[in-house]
Amino acid sequence: TASRRYEQQIQQQNTELENRVAERTNELQATNRRLMVADDANQSITEALRRSEENLRLITDSVPALIGYFDHQEIYRYVNKGYADWFGRPKEEVLGRSIRDVVGDEVYTDISQHVHLALKGQRVSYEYAMRRPGGRVVYARSELVPELDAHGHVAGCFVLSVNITDLKNAQAALVHAQKMEALGQ
């Protein structure tokens, strides 16, 4: 009788164990189904985000503006094609480099005070000149827009610039024409 009681107990425990294993298997299968649905949703969201980023990159590369972003350590984290072209470099050569490395010492000396003000949280607008290889001088008007993190600290700055070389040249030509007219009179 003791042996039978142990056999019944073992059978009962085996049945309980099998039931628990079956329940757990069902729970795991249900969890796996939910994970698969969530993974599919994540993949759809990731693909939509990738397309959105590509579209945004295409738009920013197509606009006639120089767009960039640098972090609080003055390292470029984003530039559009126009911005990189302005400095005569491919985008990959600008990203991850400091402002001074990209713009050069002469331009950095002119703009550094504006950069430091922007990194303190002040929106700044300024113009600067840059000499290209070959001696041609070009002009840009830039605006630095600070980006604040969740704690209100400046995380970096967006750079929005426009090539104003033609405008500066037209102004110089107008001044020259006015001088010539004054001399003529």
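A residue is called partly exposed when its relative accessible area falls between the buried class, under 20%, and the exposed class, over 50%. In this predicted model, Arg50 meets that description, with a relative accessible area of 34%. Glu54 is likewise partly exposed, at 39%. The side chains of these two residues form a salt bridge with an N to O distance of 2.2 Å. Both belong to helix α1 (residues 2-62), where a spacing of 4 residues separates them by about one helical turn. The pair is also part of a wider salt-bridge network that links Glu47, Arg50, Arg51 and Glu54.

The structure holds 12 salt bridges, and some of them reach across the chain. One joins Asp61 to Lys91 at 3.2 Å, N to O; this pair connects helix α1 with helix α3 (residues 91-94) over 30 residues. Here Asp61 is partly exposed, at 25% relative accessibility, whereas Lys91 is buried, at 18%. Another salt bridge pairs Glu143 with Arg123 at 2.5 Å, N to O. Glu143 sits in strand β4 and Arg123 in the loop between α5 and β3, so parts 20 residues apart in sequence are tied together. Arg123 is exposed, with 54% relative accessibility, while Glu143 is partly exposed, at 25%.

Turning to the interior, the largest nonpolar core has 28 residues, and Phe70, Tyr76 and Tyr128 have the most contacts inside it. Elements giving two or more residues to this core include β1 (66-71), β4 (137-148) and β5 (154-163). The largest share, 6 residues, comes from α5. Among the residues that Phe70 touches are Tyr76, Ile99, Val115, Leu144 and Val159.

Terms used:
Residues are numbered from 1 along each chain as its sequence is written. This is a predicted model: local features need pLDDT of at least 70, side-chain atom pairs count only at pLDDT 80 or more; totals for chains, interfaces and linings use all residues. Side-chain values use heavy atoms; hydrogens and water are left out. A nonpolar core is a set of buried Ala, Val, Leu, Ile, Met, Phe, Trp, Tyr and Cys residues joined through side-chain atoms within 4.5 Å. Buried means under 20% relative accessible area, exposed over 50%, partly exposed in between (1.4 Å probe, protein chains only). Contact means heavy atoms within 4.5 Å. A salt bridge is a side-chain nitrogen of Lys or Arg within 4 Å of a carboxyl oxygen of Asp or Glu. Lists of a residue's contacts leave out its neighbours within four places in sequence.
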